[in-house]
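User: Please take a close look at the interior of this model. I would like to know how the nonpolar residues are grouped, where empty space is left, and what the neighbouring loops look like.

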Amino acid sequence: MVLSKTSSESDVSVHSTFASRYVRTSLPRFEMPENSIPKEAAYQIINDELMLDGNPRLNLASFVTTWMEPECDKLMMSSINKNYVDMDEYPVTTELQNRCVNMIARLFNAPLEEEEAAIGVGTVGSSEAIMLAGLAFKRNWQNKRKAEGKPYDKPNIVTGANVQVCWEKFANYFEVELKEVKLREGYYVMDPMKAVEMVDDNTICVAAILGSTLNGEFEDVKLLNDLLIQKNKQTGWDTPIHVDAASGGFIAPFIYPELEWDFRLPLVKSINVSGHKYGLVYAGIGWVIWRTKQDLPEQLIFHINYLGADQPTFTLNFSKGSSQIIAQYYQLIRLGYEGYRNVMENCRENAIVLREGLEKTGRFNIVSKDEGVPLVAFSLKDNSLHNEFEVSETLRRFGWIVPAYTMPADAQHITVLRVVIREDFSRTLAERLVFDIVKVLHELDTLPARLSAKMEENLVIKNNNGKKTEIEVQREVTDFWKKFVLARKAAVC
């Protein structure tokens, strides 16, 4: 969803040189035109504007897949007109979704018998998957509290401050208190010990992240599980765990198979994963898997029959396309375990190439970890003259989209750049990116100190209590640049 606004009072028309042979007058920008135009003109007008978008392959901010094989593209286009919710009309598509659910559940070591069907559903992404998993935890907790005659109006969920915004949305939309474990400099994921300390009898679950958006690091789900088992024994509670494996769910099973984070841990009751990230499918597909039937309350499942047969449904939306589900099945059978492992190992190796190249410059601190999502998060060792936001902005001139952002509380004075290594990011591109970053640094070194140098002086002058600490100044400077960069971008959610 785009939070739209008009650009200006006068900028109300769409102009197109190429379309002028078809269109004699400008098109209204924010109103539907009165008359039709030729299909060639409509195509040209839209295509001309889209040329100003960034190149998806060079968008290193995104975890989302930007390349698939032509054969899969053909499958997606051939099914683009199928509405997935019409299960009776498209039974094969429904069967392919069920196969995907069962493959992913077994990949995550769900405790299933050989012929037992897994419990899960395809979603439009991990955000919807997390909403569904959260609702299941909330309803199970409420049912238990009602049966015990206890209040059930103040549920909470414990997470780290590094969680993706969809967790904040879940808490806000469904009236669940979000209890966040604050971060600290040098430790940018949830501390399991602090998380367990925050658990109380109103906690519906603890959410662990397998692949932090900030630095790609895997949280210690095994330690969280062990500590929570101890607390549950001491208190008589049965607080469960949800694993948000949006980024890491298709990575850990292939290159870290010994890592215990999934249904091998008894308190893990549900897991979400994004098929459109390292599941290697274009945007629009996620998955949520439950450990057992008991972990998904029957009350949340709706049954409809007006499409031709009784159909159970547990989704937040109704209609959605079938293409991404078919594409996910294609990738699972096309690549197999061997193929996914090869892709993830290549991504990890290219991340190492990029990291080592950045380290050789001597200008950066590496914030990301060796074990985790294949990305490189890094910050300037010296940002007194020029900061990470300026590096990010200048790199755009070379076509690279590399985000700069601040860490959450209590590490918001730390600013980092992040490069996500996807399947289509080659070693050659990694080496080229390092080369361009070095050029950007040399260019910035020749420029006058950024505005923040003067801003720092003003901050000191305006401070009646004396000179501010270095961290206080850095936080205000970082906030200034963050607002400056955001002001130049459209509001998109």
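Analyst: Helices, of at least four residues, and strands, of at least two, are DSSP runs numbered from the N terminus. On that basis the chain has 13 helices and 15 strands. The model is predicted. Of the 493 residues of the chain, 50% count as buried. Among contacts with a separation of 6 or more, 69% join residues 24 or more positions apart. The accessible surface is about 25100 Å², with 52% of that area belonging to carbon and sulfur atoms.

The nonpolar groups come first. In soluble globular proteins, nonpolar side chains tend to be buried together. Here the largest nonpolar core holds 104 residues, and the members with the most contacts inside it are Val243, Phe250, Trp261, Tyr278, Met344, Leu354 and Leu433. The element that gives the most to this core is helix H9, residues 323–361, with 15 residues. Another core lies apart from it, with 26 residues that include Met131, Cys166, Trp167 and Val288.

Trp261 shows what one of these well-connected positions touches. Leaving aside neighbours within four places in sequence, its contacts are Phe108, Leu210, Val221, Val243, Ala245, Gly249, Ala252, Pro253, Val268 and Ile271. Val243 is thus both a contact of Trp261 and another of the residues with the most contacts inside the largest core.

Next, the empty space. Rolling a probe the size of a water molecule over the atoms shows where empty space is left. Over the whole structure, one cavity of 30 Å³ or more is found, and the largest cavity has a volume of about 70 Å³. Its lining is made up of Phe63, Thr65, Thr66, Trp67, Lys277, Tyr278, Leu280, Arg422, Glu423 and Asp424. By type, these divide into four nonpolar, two polar and four charged residues. Tyr278 therefore has two roles in this description, since it lines the largest cavity and is among the residues with the most contacts inside the largest core, whose members are by definition buried.

The second largest pocket has a volume of about 720 Å³. Of its 32 lining residues, Asn98, Ala118, Ile119, Gly120 and Pro312 lie nearest the centre. The lining has 16 nonpolar, ten polar and six charged residues. H3, S3 and strand S11 (311–313) each supply at least two residues, and H3 has the largest share, with five.

Two of these elements, helix H3 (91–107) and strand S3 (119–123), also bound the loop that holds Asn109. Most residues other than glycine have a negative phi. Asn109 has a positive phi, near 60°, and at 34% relative accessibility it is partly exposed. Glu175, in the loop between helix H5 (165–173) and strand S5 (177–181), is not a glycine either and has a positive phi of about 55°. Glu175 counts as exposed because its relative accessible area, 67%, is over 50%.

Beyond S3, the loop leading to helix H4 (126–147) contains Gly125. With a relative accessibility of 5%, Gly125 counts as buried because the value is under 20%. Not counting residues up to four places away in sequence, Gly125 touches His276, Ile285 and Gly286. Gly125 and Gly275 are 150 residues apart along the chain, yet 7.5 Å separates their C-alpha atoms.

Key: Residues are numbered from 1 along each chain as its sequence is written. This is a predicted model: local features need pLDDT of at least 70, side-chain atom pairs count only at pLDDT 80 or more; totals for chains, interfaces and linings use all residues. Side-chain values use heavy atoms; hydrogens and water are left out. Buried means under 20% relative accessible area, exposed over 50%, partly exposed in between (1.4 Å probe, protein chains only). Contact means heavy atoms within 4.5 Å. Accessible areas come from the Shrake-Rupley method with a 1.4 Å probe; for residues, only the protein chains shown count as cover. On a 1 Å grid over the protein atoms alone, a cavity is a set of points where a 1.4 Å probe fits but cannot get out, and a pocket is an open set with protein on both sides within 12 Å along at least five of seven lines; lining residues have an atom within 4 Å of a point. Grid points are joined across faces, edges and corners, and a volume is the space filled by probe spheres set on the points. Ala, Val, Leu, Ile, Met, Phe, Trp, Tyr, Cys and Pro count as nonpolar, Asp, Glu, Lys and Arg as charged, and the others, Gly among them, as polar. A nonpolar core is a set of buried Ala, Val, Leu, Ile, Met, Phe, Trp, Tyr and Cys residues joined through side-chain atoms within 4.5 Å.
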